[in-house]
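This report covers helix packing and the surroundings of selected loop residues in one model. The sequence and structure come first, and the description follows.

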Amino acid sequence: MSHALNVLFIGGSGVISAAAAELAVARGHRLTVLNRGQSDLRAVPDAAELLTADVRDAAAVRAALGERHFDVVVDFVAFTPEHVRADIAQFAGRTGQYLFISSASAYQKPPAALPIRESTPLHNPFWQYSRDKIACEDVLMEAYREQGFPVTIIRPSHTYDRTQIALLNGWTDIHRMRTGQPVVVHGDGTSLWTLTHSTDLAKALVGLFGRSQAVGDSFTITSDEYLPWDAIYAEYARAAGAPAPEIVHVASDTLAAENPAWSGGLLGDRSHSVIFDNTKVKALVPDFVCTTPVALGFREAIAWYDAHPEQQVVDAALNATLDRLVSAHSTLS
């Protein structure tokens with residue numbers, strides 16, 4: 001690659017960052033990954049430089065990086081305004097572009113209109129995670145306006161890889177379908193959802209590296225494929241070699257009341273129909289085309305879990321909660 005960039009990833013072992021790291025190296029960029037080195041689920045590419053430090057320890061980060069400058073810095077693990085303020089202090093004047101991984105859950109919930117575009121308001125009264133991401137964006141855009149801090153904001157939606165079962169209850173739902181037990185789906189199962197494979201998202205993310213037109217701007221990056229939740233469960237059942245799932249529909253509010261751990265992600269994201277317009281990112285990255293539909297991505301994930309039985313964790317307490325919900329709400333004969 002004749003225009004290789006010097007790139008720093010903060011994080012680098014997550015669903016989005018691992019796929020982006022693989023692609024960045026494949027495209028010839030000089031990649032440095034800075035993290036705590038505590039995850040081995042997804043390997044850092046051999047060609048990448050790995051630095052070990054606690055990213056929340058500013059002094060440790062300074063010691064690890066010294067006076068180095070980067071063409072691109074991507075922070076995959078910034079979740080609060082304090083995190084991005086630390087990044088601004090660390091990288092102002094030391095990078096040509098800083099990419100912040102926000103979230104499409106920050107868009108207005110429920111959305112007033114579909115498809116969701118970058119112009120859709122940012123407002124989520126249901127989920128603190130989303131409000132924190134919005135607050136991060138506010139801090140970064142203020143730094144761009146007042147200091148010229150070269151931020152690019154990325155808003156992915158539900159992104160998964162082979163290690164992720166993109167259902168509310170993960171492998172527990174797969175286990176229930178494989179053993180012929182009913183599964184619980186929020187609402188009436190017809191709300192539309194967009195799932196994006198990490199290798200597809202990486203094409204757009206890495207494609208934005210070094211693009212001056214992207215600085216000071218925000219981009220949605222998702223697949224153009226969307227399915228109702230009942231169909232998503234049916235696709236997982238097919239991938240798992242299970243019979244067509246017996247689905248019990250339960251109102252999202254009821255589910256959130258039954259299990260508060262479901263509340264934010266369910267009421268603040270999954271229970272709302274989402275269709276995204278990716279026109280803006282495609283204008284800058286015209287080769288961004290998603291090539292892993294859910295039918296293929298789900299089969300890849302099931303194959304990975306079948307090859308890694310230690311990952312097939314069935315949550316007993318969660319299973320008992322689902323049994324109670326099925327018993328209370330089932331209309332199955």
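In which hand, left-handed or right-handed, does α5 pass α7? The crossing of α5 over α7 is right-handed. The model discussed here is a predicted one.

**Helix α5 and its two partners**

The axes of α5 and helix α7 (residues 229-239) cross at roughly 70° and come within 10 Å. Angles of 65 to 115 degrees count as roughly perpendicular, so α5 and α7 are roughly perpendicular to each other. On the α5 side the contact is made by D173, I174 and M177, and on the α7 side by Y233, Y236 and A237. Sorted by class, this contact of α5 with α7 comprises five nonpolar residues, no polar residues and one charged residue.

Helix α5 (residues 171-178) also packs against helix α11 (residues 294-307), at an angle of about 90° and with the axes 13 Å apart. That angle makes α5 roughly perpendicular to α11. Here W171, I174 and R178 of α5 meet I302, Y305 and D306 of α11. By class the contact of α5 with α11 holds four nonpolar, no polar and two charged residues. I174 is named in the contact with α7 and again in the contact with α11.

**Helices α3 and α4**

α3 and α4 pack with their axes 8 Å apart, at an angle of about 30°. Angles under 35 degrees count as roughly parallel, and α3 and α4 are therefore roughly parallel to each other. α3 passes α4 in a right-handed crossing. From α3, the residues P81, V84, R85 and I88 take part; from α4, they meet D132, A135, C136, V139, L140, A143 and Q147. The classes in the contact of α3 with α4 are eight nonpolar, one polar and two charged residues.

The helix pairs are set side by side below.

| Helix pair | Angle between axes | Axis separation |
|---|---|---|
| α3 and α4 | about 30° | 8 Å apart |
| α5 and α7 | roughly 70° | within 10 Å |
| α5 and α11 | about 90° | 13 Å apart |

Helix α4 can be checked for its length. With 20 residues (128-147) at 1.5 Å a residue, α4 should span 28 Å, and its end C-alpha atoms are 28 Å apart, which agrees. The buried residues of α4 are S130, K133, I134, C136, E137, V139, L140, M141 and A143. These buried residues pack against α3 (81-91), β5 (98-101) and β6 (151-156). C136, V139, L140 and A143 are among the buried residues of α4, and they also belong to the contact with α3. After α4 comes G148, which has a positive phi, near 75°.

**Loop residues**

Q97 lies in the loop between α3 and β5. Is Q97 buried or exposed? Its relative accessible area is 1%, and the limit for a buried residue is under 20%, so Q97 is buried. Apart from neighbours within four places in sequence, Q97 is in contact with D71, V72, V73, P150, T152, L208, F209, G210, R211, A214 and V215. Of these contacts, T152 falls in the range given for β6 (151-156).

H272 sits in the loop between α9 (263-270) and α10 (279-284). H272 counts as buried, at 12% relative accessibility. Not counting residues up to four places away in sequence, H272 touches K109, P110, P111, F126, S191, L192, W193 and L267. Its C-alpha atom is separated by 12 Å from that of A251, and the two residues are 21 residues apart along the chain.

The loop between β2 and β3 contains A47, and A48 is placed in the loop between β2 (30-35) and β3 (49-52). What sets these neighbours in sequence apart is accessibility: A47 is exposed, with a relative accessible area of 61%, whereas A48 counts as buried at 13% relative accessibility. The residues touched by A48 are V25, L31 and V33, leaving out those up to four places away in sequence. A48 and L8 are 9.8 Å apart in space, C-alpha to C-alpha, and 40 residues apart in sequence. For A47 and V25, which are 22 residues apart along the chain, the C-alpha atoms are separated by 6.7 Å.

Methods: Residues numbered from 1 in each chain as written. Predicted model: local features only at pLDDT ≥ 70, side-chain atom pairs only at ≥ 80, totals over all residues. Heavy atoms only, no water. Helix = DSSP H or I, 4+ residues; strand = E, 2+ residues; numbered from the N terminus. Expected span 1.5 Å × (residues − 1). Buried < 20%, exposed > 50% of the residue type's maximum accessible area, 1.4 Å probe, protein only. Contact = heavy atoms within 4.5 Å. Axes fitted to C-alpha atoms, helices over the stretch in contact; angles between N-to-C directions. Parallel < 35°, antiparallel > 145°, perpendicular 65-115°, else oblique. Left-handed = near helix turned anticlockwise from the far one by under 90°. Nonpolar A, V, L, I, M, F, W, Y, C, P; charged D, E, K, R; others polar.
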